[in-house]
Structure formats: C-alpha cells, structure tokens
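Hi,

Here is the structure I promised to pass on. Have a look at it first, and my notes follow underneath.

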Amino acid sequence: MKNPMHYGLKILNASLISSALLLARPVLADYTVVAVANGGTIEGVVKLSGAAPQIVPIEVTKNRDYCGQSIPSPVYSVGKDGGLQNVEVYLKDITKGKALSTDTISLVNEHCMFNPRVQGANVGQQIKILSNDPVMHSTHPQNASTNATIYNIALPFKGFSVTKPLPAVPELIKVKCDAHEWMHAWIWELDNPYFATTADNGHFTIKDVPPGTYTLVAWHEAAGEKSTSVTVAAGKTVTADIQLTATKTP
Ligand SMILES: [Cu+2]
C-alpha cells in the first residue's frame, strides 16, 4: 500500500489505572495499516476449567410488568461442549496489518438487558445505541478503569436510537443503564483490527494476520484474562485453545 495510515496513540498515564482493574488495561501501541497478502488465521475455543459457577438470577427491581421478576445471569454463558461465550480475544502489541474496522457497531437495549454483552471495536468506529423496549433505558458508557463517563444517552421509547463516535483513544468501556442497575455491557475498543468475541460455542476466528509471533489475550468479565503466545505462518491456520479459570464470582 502506497500510503499506509499511521495511528499514533498517546500513552495514558498509568496512574489512572487502578490496581484493582489491571485486568482491564487498554491496549496501547502504534499501529500501521499495510496490505496483508497470504495472511494466516488464528482460531480456537475458549473454555472454563471446571464447572461454571452457578450465579443466582438477576432480581428485577424496576419495570417488572415488562422486564419480568427475574432474568438469568448472562455472565457465564457456557455451551454444551464447554465453550465460553462473550470472551473478547485479541492480539496485543501487533504493530502492522490490515485496515481497522470502520462499520458502525450496535448496542441494543432489549428485554431489559444489553445486546451484545461483549463486543470489540476499533478507534474511529461509531456505535448505534438503540432501544427495542417500551420502557425508559439509559446507555451510559464509562472507562472501565477510571469510571469516567463517555456519554449518557436516554432512550425514552421503543425504536429510539442515537449514533455516536467511540472515544478517540482505545480503552475498555463498561456500559451501564442508569435506570436498571443490572444492565451491563462491555466494549473492547482497540487500536488494531485483530479481535473476535467468542460465540455461544466458545469459538473464535481471527483472519488475515501477517506472519509472526504475537501475544493473544482472552478476556472475560468474571473469569479474568489470559495471555498466550501464538505464531502465525503465511496462509496457515493455527489453533489456539484457551482455558480460563472461574475465580471470581460477580
Ligand atoms: Cu435499562
């Protein structure tokens, strides 16, 4: 590519990141877009070691006529083969590769929960925030480390939507609804396009990776984070299965 775009990103003051949330540190690196010919693929399954903790259902404390009395906890969503859903898997410290994602991501307020629970995104993308519910919601994204509010959108009726830019600097975003304290979502806003969120069977696929050795990170909101070294060869698929340990009960 003749004119690779260069993304120079400021390093955040590390003191802003509380020790309690070191797992939630953002990815900070310089990233250059280049043409990737004959890249490799990383695929795998994320599983929990041991059984998933039983988490009591969420007790609905507001809008029970619409939301119901309780909602099953979405935190440990494990498929029949033990695959763990809603794990964000991404490459860390990759400095060059394919173009960043540019489509508009979405976050839907639906059945008094956020959908999706976890997703990845790139700096420069927009987010469409939408309500499919006939009750008042808000969508309140915050920096997960500092709790700094990014914006706070009121969604007064079904069909209401707002499209906003994501923050200019990569960060882990925790989203809450100020009307329903049980509503949470997570957005991994990254400075490279090599990320995937595990499906309901725990599978993930990351494509078009330039040959090389990288650090692959898997993050789950309750089971924490694990890093693995992965070597990608041109045109080949490398399998990277990951086990997380359910050490934290939300
Ligand atoms: Cu709500």
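**What I found**

Tyr-90, Trp-186, Trp-188 and Trp-219 come together as one aromatic cluster. Keep in mind that this is a predicted model.

Two members of that cluster deserve a further word. Trp-186 and Trp-219 have ring centres 5.2 Å apart and planes at 65°, so they count as an edge-to-face pair. Trp-186 belongs to strand S16 (residues 184-190) and Trp-219 to strand S19, so their pairing ties together parts that are 33 residues apart in sequence. Both of these tryptophans, Trp-186 and Trp-219, are buried.

In total the structure has four aromatic pairs. Another one of them is Phe-157 with Phe-160, also edge-to-face, at 5.3 Å centre to centre and 85° between the planes. Here the residues are partly exposed: Phe-157 has 46% relative accessibility, and Phe-160 has 23%. While you are looking at rings, check Tyr-151: the charged end of Lys-164 sits over it, 5.0 Å from the ring centre.

Now the metal. Which residues hold the copper ion? The protein donors are His-137 (through ND1), Cys-177 (SG), His-180 (ND1) and Met-183 (SD), at 2.0 to 2.5 Å from the ion. Along the sequence, these donor residues follow the spacing H-x39-C-x2-H-x2-M. And why is the arrangement tetrahedral? Because the angles subtended by the four donor atoms run from 96 to 134°, and all of them have to lie between 85 and 135 degrees for that label. For reference, the ideal angle for four tetrahedral donors is 109.5 degrees. As for the sulfur donors, Cys-177 is buried at 3% relative accessibility, and Met-183 is buried at 0%.

On the fold as a whole, the protein chain has one helix and 22 strands. Of its 250 residues, 46% are buried. Among contacts with a separation of 6 or more, 68% are between residues 24 or more positions apart.

The largest nonpolar core contains 28 residues, and Ile-42, Phe-204, Ile-206 and Leu-216 have the most contacts inside it. Several strands each supply at least two residues of this core, among them S3 (40-49), S6 (88-92), S18 (203-209) and S19 (212-220). There is also a second, separate core of 26 residues, including Leu-107, Leu-155, Val-162 and Leu-166. That fits the usual pattern, as nonpolar side chains in soluble globular proteins tend to be buried together.

To get a feel for the larger core, try centring the view on Ile-206. Setting aside neighbours within four places in sequence, Ile-206 is in contact with Gly-40, Thr-41, Ile-42, Val-89, Tyr-90, Tyr-194, Phe-195, Ala-196 and Leu-216. Tyr-90 in that list is the one from the aromatic cluster.

One last residue to look at is Val-238, in strand S21 (residues 237-239). Is Val-238 buried or partly exposed? With a relative accessible area of 21%, Val-238 counts as partly exposed, since buried means under 20%. The C-alpha atoms of Val-238 and Thr-41 are 6.2 Å apart, although their positions lie 197 residues apart along the chain. Not counting residues up to four places away in sequence, Val-238 touches Thr-41, Ile-42 and Glu-43, along with Val-230, Thr-231 and Val-232.

Happy browsing!

Definitions and conventions:
Residues are numbered from 1 along each chain as its sequence is written. This is a predicted model: local features need pLDDT of at least 70, side-chain atom pairs count only at pLDDT 80 or more; totals for chains, interfaces and linings use all residues. Side-chain values use heavy atoms; hydrogens and water are left out. Donors are N, O and S atoms within 2.8 Å of the metal (3.2 Å for Na, K and Ca); water is not among the atoms, so sites may look incomplete. Four donors count as tetrahedral if all angles lie between 85 and 135 degrees; four count as square planar and six as octahedral if opposite donors are over 155 degrees apart and all others between 65 and 115; anything else is irregular. Buried means under 20% relative accessible area, exposed over 50%, partly exposed in between (1.4 Å probe, protein chains only). A nonpolar core is a set of buried Ala, Val, Leu, Ile, Met, Phe, Trp, Tyr and Cys residues joined through side-chain atoms within 4.5 Å. Helices (H or I, at least four residues) and strands (E, at least two) are DSSP runs, numbered from the N terminus. Contact means heavy atoms within 4.5 Å. Rings of Phe, Tyr and Trp (its six-membered ring) pair if their centres lie within 6.5 Å; planes under 30 degrees apart count as stacked, over 60 as edge-to-face and the rest as tilted. A charge sits over a ring if NZ of Lys or CZ of Arg is within 6 Å of the ring centre and within 35 degrees of the ring normal.
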